[in-house]
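Here is a short set of exercises to work through with the model open on your screen. Try each task before you read its solution.

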Amino acid sequence: MKLSRKDILGMEDLSVEEINLILDTAESFIEVSTREIKKVPTLRGKTVINLFLEPSTRTRTSFEIAAKRLSADTISISAAMSSMVKGETLTDMARTLEAMNPDVIVMRHSAAGAPHMLSGLIKQSIINAGDGAHEHPTQALLDMLTIRERKEKVAGLKVAIVGDIAHSRVVRSNIYGLIRMGAEVTVAGPATMIPRDIDKMGVRVSCRMKEAIKDADVIMMLRMQIERQDGNIFPSLREYSNYYCLNAQNITLAKDDVLVMHPGPINRGVEIAPDIADGSRSVILDQVTNGVAVRMALLYLLVGGK
Amino acid sequence: MKLSRKDILGMEDLSVEEINLILDTAESFIEVSTREIKKVPTLRGKTVINLFLEPSTRTRTSFEIAAKRLSADTISISAAMSSMVKGETLTDMARTLEAMNPDVIVMRHSAAGAPHMLSGLIKQSIINAGDGAHEHPTQALLDMLTIRERKEKVAGLKVAIVGDIAHSRVVRSNIYGLIRMGAEVTVAGPATMIPRDIDKMGVRVSCRMKEAIKDADVIMMLRMQIERQDGNIFPSLREYSNYYCLNAQNITLAKDDVLVMHPGPINRGVEIAPDIADGSRSVILDQVTNGVAVRMALLYLLVGGK
Amino acid sequence: MKLSRKDILGMEDLSVEEINLILDTAESFIEVSTREIKKVPTLRGKTVINLFLEPSTRTRTSFEIAAKRLSADTISISAAMSSMVKGETLTDMARTLEAMNPDVIVMRHSAAGAPHMLSGLIKQSIINAGDGAHEHPTQALLDMLTIRERKEKVAGLKVAIVGDIAHSRVVRSNIYGLIRMGAEVTVAGPATMIPRDIDKMGVRVSCRMKEAIKDADVIMMLRMQIERQDGNIFPSLREYSNYYCLNAQNITLAKDDVLVMHPGPINRGVEIAPDIADGSRSVILDQVTNGVAVRMALLYLLVGGK
């Protein structure tokens, strides 16, 4: 079975049926990574280009492992060694890669909409691995796979997302996906980190974390992007964590069997207390494991299985 | 069939027979990259080291894809992570790589003659992927493959090469190859960018672009290396493009079926107008596609086919 | 046959039997790299992550070639592109990688003990590829394989190690291994570069190179880490080489069939004279060749062979 689409650009335009197909396929791929021989010949002779124009360890590594376990050939291109330092436009760079006949281009870019722009220009499949503060659909899919694995459904669950809502592509993709699948989503964070009009996406908004996580089935904590803050970071960081760090006290407001999620890398003691990150309700590492399976599923659905 | 040589160092010492063998072989490899399964087992168990001591996206990616489609194992070494930052000589580095028993070392280096120096020292095949302003033979071969594909011959064609002739390794390799294959070559560019004595290579020289491209069958535009210019770049860039940018007006001087070529990455509006780069006479992306085929051919001819 | 241990962290805790098993296995792998098809299917479907948080060419390349010749999938992660620049702890990074189900993590880190710390935390095998100034066990094993290849034994040999003893992980690993295998080891270097209490490791200590290399069967010269010196380097470098450079004169003090070794990259004329580095007694390039074999052996013994 295949997706009847060329690209995975965002959660915004994925239907319920498509999401279910991707998650079902991913579920069947989880097992491959636990085998003695972690490899299937599905994508032998296919070429996957990982075009990461922003730094990344986990997403790039996850895609590279996914492609290799499907027997695809992988090529990594990073910003530092790219010809964009020579002034080439993104369009020309993409057309150049297209001319080398890859099958999929996995792409991370600092500009929102970059993969969408290329989508119409080149014939190969594009998977958005993060575009600015816009979307990060494979993260939302692996999050949903993790929720479904533990809760057996997504519809009807109460999901709280806490942190810097305004600058997070993880949040946007998750809101699109979770709302579509029937979850109730509440976002919380400092007023300066909540975008105006976010309620139009169908979520409830709160400035108070405690309100957001009350009776939650799932709490997604967002990474505070410390490296993007300027000089006056420490006073505000401490204040931030006073109000928005998930810890042993405030987590008692949520359901007993709440799932604690985080896209990583985590800042221990900033947005999440160490004992919660490492505790029994945390599924942070399951998210990583499921990330490989989701990416295998997408590569398979887009270019394999004929 | 094999080349009876260990290395591909430059076009200067390739015979007509060798060039024809390489182009014929490359032609047969073009098809592999259009298959459903883009892979042949020819170089299984061979090791190709891509030693790129200058930044490069397209050439490195092209070689890496070529090697992988032949089932070779590839290892990439870039300047940044190389032990040359620890003061190791190039010779010692190459001998160290030799001792790991690769089959081919593909090498880009900022110094003219670097691959030639190593050639006599190490037993494995070396392919020059660009040495300073000296040679870039795989570029010249893919250019010739592209010309032959469209014009069915090289001999007798009028080829104009326009731009910074003095600092271009692409030009030198193309002149050697095109003259040997019987083309008539004219080079044009600002007087400060034309090396003295270049006419001794067998080309006609002009300072006026219009004169050079008149009745041309092929126009090769060179990349203006903006990133290597110093501070006073913008006035001179504008002046440069006034005189040496290929556009809808001056291209009418060439033959109607002229081929427009460029080694990339292109500076739109500097050396080539966007409508010309993207127009029907442009074969710039064919060049990229043929680059993979030429590199597959060279890898195959040097170490496969036994 | 397998090692009955999960990790290779250092020579300190390897038994005589384990060292012999590794060297015997490595010996049988030397031949693979000389074949027409340099590849065995032993580790097909296994994932090897090369996590190099310090720059390295030779060790990373050697491990990557070793893994590929065993048909494993390899993923390289370097410091520059790692999420540690985003403030992630090493532990969290390792757990994240663990969750992607690799089979082996090969790890270089600037902090002594880093791989030991991770060893207890993650379930996959860890191979220490150098931790600060602590250990570099694969270097010691390839050194020992090279000695055994030429001298047919290690026990009873007189081995002199000369240079910056204090800051060298190569030295520490070699001392542990050589002493355990029955060699007599003498270390020599400037007094400021000899750690106190090093004699407790079972070696003889000398400040005079000539004394140390007298009647030696093996001389290991250490790399002077020029790039780690500060501004006042040249006077002291010249003085250093006056006293501690192995050259045609002082080498006559050693046995006639002395082996000259160096872990590379070498500083010609600083710690070793060019004619000695390239001379008939030098086995420096054999060390490199044997490095691939030793790493193949370790990967095989830790995760293959079931």
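**Exercise 1. Two domains in one chain**

How far apart do the C-alpha centres of domain 1 of chain A and domain 2 of chain A lie? Then work out what domain 1 puts into the contact with domain 2.

*Solution.*
- Step 1: Keep in mind that you're looking at a predicted model.
- Step 2: Find the domains. In chain A, domain 1 is assigned to 16-135 + 288-303, and domain 2 to 137-284.
- Step 3: Take the C-alpha centres of the two domains of chain A, and you get 26 Å between them.
- Step 4: Look at who takes part. Domain 1 of chain A brings 22 residues to the contact, and domain 2 of chain A brings 17.
- Step 5: Go by element. On the domain 1 side of chain A, two or more residues come from each of α1 (16-30), β4 (125-131) and α10 (284-303).
- Step 6: Sort that domain 1 side of chain A by class, and it comes out as 11 nonpolar, six polar and five charged residues.

**Exercise 2. A helix in chain B**

Is α6(B) largely enclosed or not, and what do its buried residues pack against?

*Solution.*
- Step 1: Check the length first. Helix α6 of chain B runs over residues 169-180, and at 1.5 Å a residue its 12 residues should span 16 Å; the end C-alpha atoms are 17 Å apart, so the two agree.
- Step 2: Count the buried residues. In α6(B), 10 of the 12 are buried, so the rest of the structure largely encloses this helix.
- Step 3: Put names to them. The buried residues of α6(B) include B:Arg169, B:Arg172, B:Asn174, B:Ile175 and B:Tyr176.
- Step 4: Find the partners. Within chain B, the buried residues of α6(B) pack against the helices α1 (16-30) and α5 (137-151), plus the strands β4 (125-131), β5 (158-162), β6 (184-188) and β8 (218-221).
- Step 5: See what follows the helix. After α6(B) comes B:Gly182, with a positive phi near 95°.

**Exercise 3. How the chains are related**

What rotation superposes chain C on chain A, and what on chain B?

*Solution.*
- Step 1: Turn chain C by 120° with 0.0 Å of shift along the axis, and it superposes on chain A with an RMSD of 0.0 Å. These two copies are thus related as by a three-fold rotation axis.
- Step 2: Now try chain B. Here too a rotation of 120° with 0.0 Å of shift superposes chain C, at RMSD 0.0 Å.
- Step 3: Check the confidence. The complex gets an ipTM of 0.94 and a pTM of 0.95 from the predictor. Chain A has a mean pLDDT of 93, with 93% of its residues at 70 or more.

**Exercise 4. The two sides of chain C**

Which element gives the most to the side of chain C that touches chain A, and which gives the largest share of the side that touches chain B?

*Solution.*
- Step 1: Start with chain A. 20 residues of chain C contact 25 residues of chain A.
- Step 2: On this side, β2 (73-78) and α3 (90-99) of chain C each supply at least two residues. α3(C) gives the most, with four.
- Step 3: By class, the side of chain C that touches chain A has six nonpolar, eight polar and six charged residues.
- Step 4: Move to chain B. That contact takes 25 residues from chain C and 20 from chain B.
- Step 5: The largest share of this side of chain C, six residues, comes from α2(C).
- Step 6: The side of chain C that touches chain B splits into nine nonpolar, nine polar and seven charged residues.

Terms used. Residues numbered from 1 in each chain as written. Chains lettered and ligands numbered in written order. Predicted model: local features only at pLDDT ≥ 70, side-chain atom pairs only at ≥ 80, totals over all residues. Least-squares fit on C-alpha atoms with pLDDT ≥ 70 in both. Domains from an automatic or database assignment. Contact = placed C-beta atoms within 7 Å. Nonpolar A, V, L, I, M, F, W, Y, C, P; charged D, E, K, R; others polar. pLDDT = per-residue confidence, 0-100. Expected span 1.5 Å × (residues − 1). Buried ≥ 20, exposed ≤ 12 C-beta atoms within 10 Å, placed from the backbone.
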